[in-house]
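Please open the model in a viewer and keep the selection panel at hand. The tour below proceeds by selections, one stop at a time.

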There are 2 protein chains.
Amino acid sequence: MEVLNNKTAARRWVMHQRCEQRSLGLVPTMGALHAGHISLAKRAVQRCDVTVATIFVNPTQFAPGEDLDRYPRTLENDLRLLRDAGVDAVFVPAVDEMYAEDFSTYVQPPDVALCLEGERRPDHFRGVTTVVTKLFHILPCTHAFFGHKDYQQARVLQTMNRELDFGIEIEICPTVREPDGLALSSRNRYLSDDERRRALGLHRALTVACKAYQDGQRGTKVLEQLMRAELENAGIDSVEYAVVVNSQTLQPSVHADEEAIALIAARVGSTRLIDNQKLAT
Amino acid sequence: MEVLNNKTAARRWVMHQRCEQRSLGLVPTMGALHAGHISLAKRAVQRCDVTVATIFVNPTQFAPGEDLDRYPRTLENDLRLLRDAGVDAVFVPAVDEMYAEDFSTYVQPPDVALCLEGERRPDHFRGVTTVVTKLFHILPCTHAFFGHKDYQQARVLQTMNRELDFGIEIEICPTVREPDGLALSSRNRYLSDDERRRALGLHRALTVACKAYQDGQRGTKVLEQLMRAELENAGIDSVEYAVVVNSQTLQPSVHADEEAIALIAARVGSTRLIDNQKLAT
């Protein structure tokens with residue numbers, strides 16, 4: 001596996017592959033890899049001729065006071081996991097390789113970024129669209145793979161990809177869960193044993209909403225109340241949102257249909273967790 | 001010369017050239033071509049293996065009340081001029097090929113877009129960076145050519161290109177002028193005979209500033225006063241700005257040095273004209 005640290009070498013490596021007519025899959029990550037990331041890498045390896053992963057903890061998507069500084073860095077282990085998954089190259093730039101001090105060009109994300117995460121983390125998606133644009137330029141891929149767990153992010157990037165004509169095929173891959181249902185997240189390692197138990201409330205709340213939908217409940221208000229009750233029951237400290245919305249637009253409607261998705265953001269102790277599930281699945 | 005109307009065909013045409021290891025020059029225009037545009041096309045043809053021009057009157061860079069609707073459209077003549085210049089392909093998309101009705105992803109331009117034109121035309125550069133990003137994606141070129149006449153635009157695009165890692169070589173080509181000094185512009189055709197005479201004031205004011213600089217004058221205030229006096233003298237209706245700034249940052253300083261550039265925006269009748277000149281040239 002090739003480890004690339006600078007943009008010029010990375011671009012040259014990728015362009016060589018592309019001009020050999022190979023399909024090229026990109027798997028952008030912030031490292032601290034878990035089985036969720038690895039499932040993305042394996043899917044890319046299966047689907048594309050060549051797979052490139054990236055490891056970069058992107059400062060522009062963290063707000064002041066968020067966990068940029070303590071975000072877990074586990075590079076050696078990450079590289080081993082990617083190699084074992086069959087990844088061909090990994091791009092690991094330093095911060096100053098990506099951002100000069102006077103950096104000021106940003107990709108303003110589409111309207112689907114305005115609600116939910118966008119409301120609570122004002123510049124977060126702007127940081128995501130900007131860094132992903134840069135990665136798409138440095139590593140011009142044919143396919144890119146993102147996780148369903150960060151569902152709004154995936155929709156933001158799909159919309160950006162279409163509207164700015166990147167011409168990349170973006171695949172949203174299923175959330176990987178622990179046996180008890182907890183969605184894998186690099187931030188799970190912040191949880192104490194007690195918090196870990198309470199964090200299960202997110203998955204349970206989603207399951208309750210899905211079950212109610214499958215039993216015929218279509219009122220989004222009712223479905224949301226069921227989720228909140230379950231979250232409270234689980235001892236979740238604070239619920240930022242627990243909503244049922246349209247999975248394309250992320251906009252609310254009175255009645256849930258087969259396009260509906262339930263999304264939750266909540267704090268367990270000081271750790272912010274998100275999870276989601278389509279109701280009709 | 002290939003005339004391409006849809007994005008898929010255009011991308012395929014360009015990717016074929018790129019994979020043959022050919023350098024590819026891009027010349028984005030809004031049509032209504034004059035000798036200034038054609039000098040860009042000829043420079044691209046000279047410098048690159050293959051040259052693609054684009055003709056697209058981009059609605060997102062016009063504000064309500066600006067001249068989008070009456071902007072001159074001269075497609076047949078434009079195509080003939082490009083063919084004669086040796087251009088290999090031209091991309092001429094319809095508006096709905098470039099923008100869906102709910103379009104909302106924009107490239108927020110770098111700080112160098114904030115002053116001068118950016119102050120007077122609030123969303124103008126956002127429209128420019130967005131459409132040029134789309135064109136760079138649809139037509140992945142190695143080189144792109146822009147005119148010195150739209151100097152701030154060229155600096156905005158060079159900065160965007162560097163900060164978002166497009167990896168394109170951007171060349172700023174000299175302003176082409178009428179024999180009497182008027183900078184060529186698609187908007188010159190709006191001018192009446194009398195306005196055409198008064199419009200010469202822009203070039204005369206720049207010439208006066210250059211002369212004073214070459215005679216040793218370094219005070220930017222004095223240089224700006226000389227330009228304003230010359231513009232008033234020429235009967236220019238209203239001067240939006242007439243400044244001497246650093247040509248990299250476009251920021252003012254007390255003393256002009258060899259990096260200094262003079263820039264003017266003014267209205268002659270209802271027509272808004274811009275022009276500029278480096279003082280040390």
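The model is predicted. Begin in chain A by selecting H37(A), which lies in helix 2, the run of residues 35-47. The UniProt record, an unreviewed entry, annotates H37(A) as "active site".

**Stop 1: helix 2 of chain A**

Is H37(A) buried or exposed? Its relative accessible area is 13%, so H37(A) is buried, the cut-off for that class being under 20%. Display the surroundings of H37(A) and omit neighbours within four places in sequence: the contacts are then T29(A), G31(A), A32(A) and S186(A).

Next select G36(A), which also belongs to helix 2 of chain A. G36(A) is buried, with a relative accessible area of 12%. With neighbours within four places in sequence left aside, G36(A) is in contact with V176(A) and L184(A). For a distance check, draw a line between the C-alpha atoms of G36(A) and S192(A): the two residues are 21 Å apart in space and 156 residues apart in sequence.

**Stop 2: an annotated loop residue in chain A**

Move to Q61(A), in the loop that joins strand 3 (50-55) to helix 3 (75-85) of chain A. According to the unreviewed UniProt entry, the annotation "binding site" covers Q61(A). The relative accessible area of Q61(A) is 9%, and therefore this loop residue is buried. Which residues is Q61(A) in contact with, leaving aside its neighbours within four places in sequence? Select M30(A), E66(A), R121(A), H124(A), G127(A), V128(A) and V131(A) to display them.

**Stop 3: strand 9 of chain A**

Select R267(A) in strand 9, residues 260-268 of chain A. R267(A) is partly exposed, at a relative accessible area of 31%. Beyond its neighbours within four places in sequence, R267(A) has contacts with I236(A), D237(A), S238(A), E240(A) and R272(A). From C-alpha to C-alpha, R267(A) and D78(A) are 27 Å apart, with their positions 189 residues apart in sequence.

**Stop 4: the largest nonpolar core**

Which residues of the largest nonpolar core touch the most other members? They are F136(A), L139(A) and F136(B), in a core of 64 residues. Centre the view on L139(A) and hide residues up to four places away in sequence; L139(A) touches A10(A), V14(A), L26(A), V52(A), T54(A) and F91(A).

**Stop 5: helix 6 of chain B**

Now turn to chain B and select helix 6, residues 124-138. At 1.5 Å a residue, its 15 residues should span 21 Å, and the end C-alpha atoms are indeed 21 Å apart. Helix 6 of chain B is mostly covered, with 14 of its 15 residues buried.

**Stop 6: a β-α-β unit in chain B**

Select strand 6 (residues 143-147) and strand 7 (residues 169-173) of chain B, which pair in the parallel sense over 5 bridges. To inspect one pairing, pick A144(B), whose bridge partner in strand 7 is I170(B). Add helix 7, residues 151-163: strand 6, helix 7 and strand 7 of chain B make a right-handed β-α-β unit.

How far apart are the end C-alpha atoms of helix 7 of chain B? They are 18 Å apart, in agreement with the 18 Å expected of 13 residues at 1.5 Å a residue. Helix 7 of chain B is mostly covered, since 11 of its 13 residues are buried. Among the buried residues are Y151(B), V156(B), L157(B) and M160(B), together with R155(B) and E163(B). Following helix 7 of chain B is D165(B), which has a positive phi, near 60°.

**Stop 7: two further positive phi angles in chain B**

Most residues other than glycine have a negative phi. Select Q21(B), which is not a glycine but has a positive phi of about 65°. Q21(B) is in the loop between helix 1 (7-19) and strand 2 (24-29) of chain B. At 61% relative accessibility, Q21(B) counts as exposed.

Finish at L116(B), in the loop between strand 5 (106-108) and helix 5 (117-120) of chain B. L116(B) has a positive phi of about 50°, although it is not a glycine. Is L116(B) buried or exposed? Its relative accessibility is 7%, so L116(B) counts as buried.

Conventions
Residues are numbered from 1 along each chain as its sequence is written. Chains are lettered from A and ligands numbered from 1 in the order in which they are written. This is a predicted model: local features need pLDDT of at least 70, side-chain atom pairs count only at pLDDT 80 or more; totals for chains, interfaces and linings use all residues. Side-chain values use heavy atoms; hydrogens and water are left out. Two strands pair if DSSP finds at least two bridges between them. Helices (H or I, at least four residues) and strands (E, at least two) are DSSP runs, numbered from the N terminus. A crossover is right-handed if, with the strands pointing away from the viewer, the path from the first strand over the helix to the second runs clockwise. The expected span of a helix is 1.5 Å times one less than its number of residues. Buried means under 20% relative accessible area, exposed over 50%, partly exposed in between (1.4 Å probe, protein chains only). A nonpolar core is a set of buried Ala, Val, Leu, Ile, Met, Phe, Trp, Tyr and Cys residues joined through side-chain atoms within 4.5 Å. Contact means heavy atoms within 4.5 Å. UniProt positions are given in the numbering used here, feature names are shortened, and annotations may be inferred rather than shown by experiment.
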